[in-house]
Amino acid sequence: MKNINLIIVTGLSGAGKTQAIWSLEDLGYFCVDNLPPTLIPKFAELCTQSGGKVNKVALVIDIRGGEFFEGVFETLATLRESGIRYEILFLEASNETLVRRFKETRRRHPLSPQGQVLDGILEERQRLEDLRGRANKIIDTTEMSNQQLKQEITAMFGDCKDVLKLRVTIMSFGFKYGIPLDSDLVIDVRFLPNPYYIEELRPFTGNDQKIQEYVFGSPVTKTFMRKFYSLVKFLIPHYIKEGKTNLVIAIGCTGGQHRSVTLANRMGIMLEKHDHDGYTLQVKHRDMPRHTGGEKKE
């Protein structure tokens, strides 16, 4: 049983569990949707009798199981006692996004078949709170397309050599839109000079040279960046040693357009120059405008 690679996929209805299980199937996992938790230990035992042919398994369990779902924590305890290693992947999204998805698909929420979709979402979020707390990996699909979710699943559970590395994500964001749910380190750079208050700079973003020159024209920014880089460079090897697989460093300003974007880009450049055999690196800008003249402003 110890040779089974078991992933338990769960989370909020409408958050993308179906897409996640399809992605895991593409990675060679034997997948079962809506399996009653009490059957998981027996199912794992059956997999061991396959002679190694079924050693990658992904199971979806959620509130659709009704009364059967209530025994999920006893099942997890049984798995541990049996020596079966497992990971819990929890998918979630904002209430607004989930309501929109249900309306677009004209589906009824499992916990509110006759009532308001939002009521079901709120109840489900509360009922899954403890299970979320036990999750090894959490994906917020609020801003994700199906393709982006597939890429995220592939990066987490694929067999390529980079999956074994620490995945470092430098993410800019705006505090006015909320802190990224999957962030590990949150850095507030709202103390730096703000280009938003310079009228001729306001339309630009941290991807533009004018904003970069303005932000780094301050000695405070240069000093902070030097110390911030030293901190990150110090932390990464220790996270790798600890076995961490994902590190999200979130850099926030007011609107996620100017200062945070500038510093996230610069941090990405500095880390790219550093020897990073033990980790992969990507830079994301969560709250950048989606089109020219986008609505989000700092």
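**Notes on the fold: helix pairs, cysteines and two turns**

1. Let us start with one residue: Asn34 is partly exposed, because its relative accessibility is 31% and the partly exposed class runs between 20% and 50%. Please keep in mind while reading that this is a predicted model. Asn34 sits in the loop that links strand 2 (30-32) to helix 2 (40-48). Although Asn34 is not a glycine, its phi is positive, at about 60°. As background, most residues other than glycine have a negative phi. A second place to look at is Arg106, which comes just after helix 4 and takes a positive phi of about 60°.

2. Now the overall picture. The protein has 10 helices and 9 strands. Its C-alpha atoms fill a box of roughly 65 × 50 × 30 Å along the principal axes. The chain counts 298 residues, and 46% of them are buried. Among contacts with a separation of 6 or more, 78% join residues that are 24 or more positions apart.

3. Three helix pairs follow. In general, two packed helices are described by the angle between their axes and the distance between those axes. For helix 1 (residues 17-26) and helix 7 (residues 146-157), the angle is about 50° and the axes are 9 Å apart. That angle makes helix 1 oblique to helix 7, and their crossing is right-handed. From helix 1 come Gln19, Ala20, Ser23, Leu24 and Asp26, which meet Asn146, Leu149, Lys150, Ile153 and Phe157 of helix 7. Sorted by class, this contact of helix 1 with helix 7 holds 5 nonpolar, 3 polar and 2 charged residues.

4. How do helix 4 (residues 95-105) and helix 5 (residues 117-127) cross? Their axes come within 10 Å, at an angle of roughly 130°. Helix 4 and helix 5 are therefore oblique to each other. The crossing of helix 4 and helix 5 is right-handed. On the helix 4 side, the contact is made by Asn95, Leu98, Val99 and Phe102, and on the helix 5 side by Val117, Leu118, Ile121, Leu122 and Arg125. These residues of the contact of helix 4 with helix 5 divide into 7 nonpolar, 1 polar and 1 charged.

5. It is worth staying with helix 4 for a moment. Its buried residues are Thr97, Leu98, Val99, Arg101 and Phe102. Helix 5 is included in what covers these buried residues of helix 4.

6. Val117 gives a view from the other side, being found in helix 5. Is Val117 buried or exposed? Val117 is buried, because its relative accessibility of 17% falls under the 20% cut-off. Leaving aside residues up to four places away in sequence, Val117 touches Val99, Phe102 and His109. To place Val117 in the whole, try Gln49 as a reference point: the two are 68 residues apart along the chain, and their C-alpha atoms are separated by 43 Å.

7. The third pair is helix 9 (residues 219-242) with helix 10 (residues 259-273), where the angle is about 50° and the axes are 11 Å apart. Helix 9 is thus oblique to helix 10, with a right-handed crossing. Helix 9 brings Thr221, Phe224, Met225, Phe228, Tyr229, Val232 and Ile236 to the contact, while helix 10 brings Leu263, Arg266, Met267, Met270 and Leu271. By class, the contact of helix 9 with helix 10 has 10 nonpolar residues, 1 polar and 1 charged.

8. Lys222 also lies in helix 9. Lys222 is classed as partly exposed because its relative accessibility is 49%. Lys222 and Leu98 are 124 residues apart in sequence, and their C-alpha atoms are 41 Å apart in space.

9. Last, the cysteines. A disulfide is a covalent bond between the sulfur atoms of two cysteines. How many disulfides are there? The count comes to 0, with 2.5 Å between sulfur atoms as the cut-off. Why does Cys47 not bond to Cys31? Because the sulfur of Cys31, the closest cysteine sulfur to that of Cys47, is 11 Å away, which is too far for a bond. Cys47 is buried, with a relative accessible area of 7%. Cys253 counts as buried too, at 0% relative accessibility.

Key: Residues are numbered from 1 along each chain as its sequence is written. This is a predicted model: local features need pLDDT of at least 70, side-chain atom pairs count only at pLDDT 80 or more; totals for chains, interfaces and linings use all residues. Side-chain values use heavy atoms; hydrogens and water are left out. Axes are lines fitted to C-alpha atoms, for helices over the stretch in contact, and angles run from 0 to 180 degrees between N-to-C directions. Helices (H or I, at least four residues) and strands (E, at least two) are DSSP runs, numbered from the N terminus. Angles under 35 degrees count as roughly parallel, over 145 as roughly antiparallel, 65 to 115 as roughly perpendicular and the rest as oblique. A crossing is left-handed if the near helix is turned anticlockwise from the far one by less than a right angle, and right-handed if clockwise. Contact means heavy atoms within 4.5 Å. Ala, Val, Leu, Ile, Met, Phe, Trp, Tyr, Cys and Pro count as nonpolar, Asp, Glu, Lys and Arg as charged, and the others, Gly among them, as polar. Buried means under 20% relative accessible area, exposed over 50%, partly exposed in between (1.4 Å probe, protein chains only).
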